[in-house]
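The following exercises concern a single protein model. Please examine the sequence and the structure before working through the solutions.

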Amino acid sequence: MSAASENGLDDEPAYRWPIPPLEGWTADDLDRIPGLPPHTELIDGSLVFMSPQTAFHGRCMRLLENTLLEQAPDHLDVVREMTIRLDAKNRPEPDVMVFPVDANTGPDQTWYEPEDILLAVEVVSPDSRERDREVKLRKYAEAGVPHFWRVEQDEDKGLPVVYVYELDPATKSYALTGIFHDRLKVTVPFEIEIDLTAVDRRRGGSEPVAD
C-alpha cells in the first residue's frame, strides 16, 4: 500500500488546474477561479503562483508595514499583499502598498486602482527576481504609480537593502533615487525613517528572532 493510500490521500478528488481561455485570463477572473493558491497574481493574462515565503520575506513585510503605518499621515493607509488592477490583463500583488484612506471600499475589497497607489513595495524572492526587477518595475511605472521600492537581501549581513525609485511623469519610467543600507530615510512620499537592522527584532524587544 502506498503512503498516499495509508494517509487517505487517494480518497481526495484530484485538483483540476484551470485551463485558460485562448486570450488569457482577465483581472476579473482572479476573483472567480476556484481553488487558486493564496497570493496568485495575474501578469500579462497568465497566472503566477507564489513560492513558499521565506523568513526574510515575511519579516521585511512586517517591518515595512508596521513602520509605514506608524509614520504615515492620517489621510493615508497601508496594507500588505493586496492586488492592484493595472489593466484587464495585469493584477500584481505588491508586498506592501500606501494609498489614501478613501480608496478603501469595504471589507470585501480585493484590489485597488493604480491611480490610488502612492507607494508600491516588492520584497524580492529568488523566484520573483526577474518580475520584481524588470516586469513589475515597468508595469507600475506605466500605470503611473509615483513611488516604488525594491527590497533585496544583502548577501553579507542578511539585512534588507532598499532601492528607492521615483516616477518621471514625462517618460512614465522610474529613476533610481537612492540605495539604502541599515537605515532608510526619505522625504517623499512623506517623511519616512526605517531602521533596516531591526528586521529580525520583535516589537518592544531588542533581541533578534531566532531562525
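**Exercise 1.** What area does the protein expose, and what percentage of it do carbon and sulfur atoms supply?

*Solution.* The model is predicted. The exposed surface of the protein comes to about 11,800 Å². Carbon and sulfur atoms supply 50% of this area. As for the interior, buried residues account for 43% of the 211 residues.

**Exercise 2.** Determine where Gly24 lies and whether it is buried or exposed.

*Solution.* Begin with the secondary structure: the protein has three helices and twelve strands. Gly24 belongs to the loop between helix H1 (3–6) and strand S1 (41–43). Next, consider its accessibility. The relative accessible area of Gly24 is 13%, and buried means under 20%; Gly24 is therefore buried. Finally, list its contacts: beyond neighbours within four places in sequence, Gly24 is in contact with Gly45 and Lys89.

**Exercise 3.** Describe the largest nonpolar core and the surroundings of Leu68.

*Solution.* First, establish the extent of the core: it has 28 residues. Those with the most contacts inside it are Leu64, Leu68, Trp149, Leu184, Ile192 and Ile194. Second, identify the contributing elements. Helix H2 (55–71) is among those that each supply at least two residues, as are strand S8 (147–153) and strand S12 (192–195). H2 gives the most, with six residues. Third, turn to Leu68. Setting aside residues up to four places away in sequence, Leu68 touches Val78, Val96, Val98, Leu119, Trp149, Phe190 and Ile192. A second, separate core of 18 residues includes Tyr112, Ala120, Tyr165 and Tyr174.

Definitions and conventions:
Residues numbered from 1 in each chain as written. Predicted model: local features only at pLDDT ≥ 70, side-chain atom pairs only at ≥ 80, totals over all residues. Heavy atoms only, no water. Helix = DSSP H or I, 4+ residues; strand = E, 2+ residues; numbered from the N terminus. Buried < 20%, exposed > 50% of the residue type's maximum accessible area, 1.4 Å probe, protein only. Contact = heavy atoms within 4.5 Å. Areas by Shrake-Rupley, 256 points an atom, 1.4 Å probe, with all protein chains shown as cover. Core = buried A, V, L, I, M, F, W, Y, C linked by side-chain atoms within 4.5 Å.
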